[in-house]
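Here's a friendly walk through one protein model, piece by piece. Have a look at it first, and then we'll go through its parts.

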Amino acid sequence: MTIGLKGPGLYVQGEGELDKLGKYVKKMGTKFLLICSPNNKKRVGSRIARSLQEAGKELSYYEFGGECSKAAIEAAMNTAESEGCDAVIGAGGGKAIDTAKAVGTNLGGIPVVIVPTIASNDSPCAGVAVIYNEEGAVIKALMMKRNPDMVLVDTGVIAAAPKKYLVSGMGDALSTYFEARACYRSGAKTMARGTCSMTALTLAELCYQTLLKYSEEALAAVERHQVTNALEAVVEACVYLSGVGFECGGLAAAHAINDSLVFMPQTHASSHGEKVAFGLLVQLQLEKAPQEEWDTVLQYIRKVGLPASFADLGVSSVSETELRQVAEAACAPAQFTKNVRPNITAEEVYEALVNADAAGKG
């Protein structure tokens with residue numbers, strides 16, 4: 001059995017750390033391309049520029065339009081080359097971050113620095129970029145030459161963002177332990193090119209326990225736009241523990257359901273983390289999880305405001321046809337449902353979807 005462990009070169013988290021960015025990236029390049037939206041340029045752009053200037057670095061800007069598409073990646077690469085940039089910074093949510101990762105990889109592996117402005121998912125630490133078409137459908141997962149050289153999380157920035165983003169990050173992180181556990185049991189391969197190790201499983205379990213202990217306090221802190229120890233703990237869980245945990249621990253049915261909900265158009269307005277949280281309920285149904293475990297997860301989902309049913313995901317009426325399409329897609333050979341058990345059928349997934357929805361409404 002071979003295990004694989006991956007992670008960012010450097011992870012830094014704390015209030016006010018963004019103002020020290022130049023110090024941290026001193027040896028990573030001389031001219032940086034900043035990829036971020038106009039909104040995030042207003043939020044953090046001047047702080048990034050000032051910190052880099054103080055370190056004697058130059059900065060160019062590429063305006064991110066909202067989609068990590070081939071066209072956006074190519075345009076950003078062209079800007080980097082024409083401006084003579086030898087490193088890239090991705091600031092924003094998951095798609096801006098993934099665009100920066102793809103640019104760094106496609107330009108031969110130049111240094112990549114990630115600055116998440118929300119903690120809505122666990123992509124910052126991962127060595128993979130998810131690429132979409134212009135309609136928002138996933139077309140490819142690009143594996144980076146290496147994980148980001150640095151991830152800098154300023155918790156002051158996270159605390160200033162709307163609460164819904166942290167709730168979404170909690171949903172994504174909630175599944176990490178259960179998916180890693182499924183892979184550990186089945187011996188499935190992970191994105192770290194090995195099987196789930198004890199290290200990865202332990203990190204994933206710590207992620208889960210941290211969420212259970214601190215999430216309510218962390219959400220209260222975000223409502224006050226205040227950084228507290230509870231918020232620091234939950235952000236670490238959502239960004240680092242979940243990011244390293246999923247890549248080294250593996251994915252299973254929760255993420256397969258998220259991907260397959262593309263066949264239910266009414267769910268499209270829900271975030272990645274919201275759909276993953278519901279997908280976890282489906283996975284627990286497939287695993288026939290102990291009642292106590294089910295109750296703990298469902299209670300958590302309801303407490304923090306994650307969806308526990310199709311109605312919570314915006315589905316006004318459930319179509320059996322769509323539901324069976326979701327079940328079929330979740331059992332496709334390339335999907336992660338097989339990491340729970342290789343012989344799971346679409347009929348079993350369909351029943352788990354129905355049962356999870358019914359139990360979540362109860």
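## Helices in a crowd

The buried residues of α7 pack against α6, α8, α9, α10, α11 and α12. Before going on, a word on the source: this is a predicted model, where local features need pLDDT of at least 70 and side-chain atom pairs count only at pLDDT 80 or more, while totals for chains, interfaces and linings use all residues. Residues are numbered from 1 along each chain as its sequence is written, and side-chain values use heavy atoms, with hydrogens and water left out.

Some vocabulary helps here. Helices (H or I, at least four residues) and strands (E, at least two) are DSSP runs, numbered from the N terminus. Buried means under 20% relative accessible area, exposed means over 50%, and partly exposed is in between (1.4 Å probe, protein chains only). Contact means heavy atoms within 4.5 Å.

So how covered is α7? Eight of its eleven residues are buried, which makes α7 mostly covered. Those buried residues are T176, Y177, F178, E179, A180, R181, A182 and C183. Just after α7, G187 takes a positive phi of about 75°.

Helix α6 (residues 163-174) is also mostly covered, with nine of its twelve residues buried. L166, V167, S168, G169, M170, G171, D172, A173 and L174 make up that buried set. They pack against α7 (176-186), α8 (198-223), α9 (229-249), α10 (253-260), α11 (272-287) and α12 (291-304). From its first C-alpha to its last, α6 reaches 17 Å, close to the 16 Å expected at 1.5 Å a residue; the expected span is 1.5 Å times one less than the number of residues.

## Two helices that cross

Next comes α12 again, this time with helix α14 (residues 346-361). Their axes come within 11 Å and cross at roughly 65°. Axes here are lines fitted to C-alpha atoms, for helices over the stretch in contact, and angles run from 0 to 180 degrees between N-to-C directions. W294, L298 and R302 of α12 make the contact with A356, A359, G360 and K361 of α14. By type, the residues of this contact divide into four nonpolar, one polar and two charged. For that count, Ala, Val, Leu, Ile, Met, Phe, Trp, Tyr, Cys and Pro are nonpolar, Asp, Glu, Lys and Arg are charged, and the others, Gly among them, are polar.

## The sheet and its helices

Now for the strands. Six of them form an open sheet in the order β1-β8-β5-β4-β2-β3, and the pairing is parallel. Two strands pair if DSSP finds at least two bridges between them. At the edges sit β1 (11-13) and β3 (58-63), each pairing on one side only. From one strand to the next, the twist averages 20°.

Inside that order, β5 (residues 112-116) and β8 (residues 150-153) pair in the parallel sense over two bridges. V113 stands opposite M150 in β8.

Helices pack here too. Helix α3 (residues 70-83) packs on the sheet, touching β2 (31-36) and β3, and its direction makes about 155° with that of β3. Helix α4 (residues 94-106) lies across β2, β4 (87-92) and β5, running at about 170° to β4.

There's another strand pair to find. Five bridges join β6 (residues 128-132) to β7 (residues 138-143), and the two run antiparallel. Y132 stands opposite V138 in β7. Four of the five residues of β6 are buried, so β6 is largely enclosed by the rest of the structure.

## Three residues up close

Here are three single residues side by side.

| Residue | Where | Relative accessibility | Class |
|---|---|---|---|
| A49 | helix α2 (residues 38-54) | 29% | partly exposed |
| A80 | helix α3 | 2% | buried |
| S69 | loop between β3 and α3 | 3% | buried |

What does A80 touch, not counting residues up to four places away in sequence? Its partners are L33, C85 and L107. The C-alpha atoms of A80 and E67, 13 residues apart along the chain, are separated by 18 Å.

S69, counted in the same way, touches I131, Y132 and E134. As for A49, its C-alpha atom and that of L34 are separated by 9.1 Å, with the two residues 15 apart along the chain.
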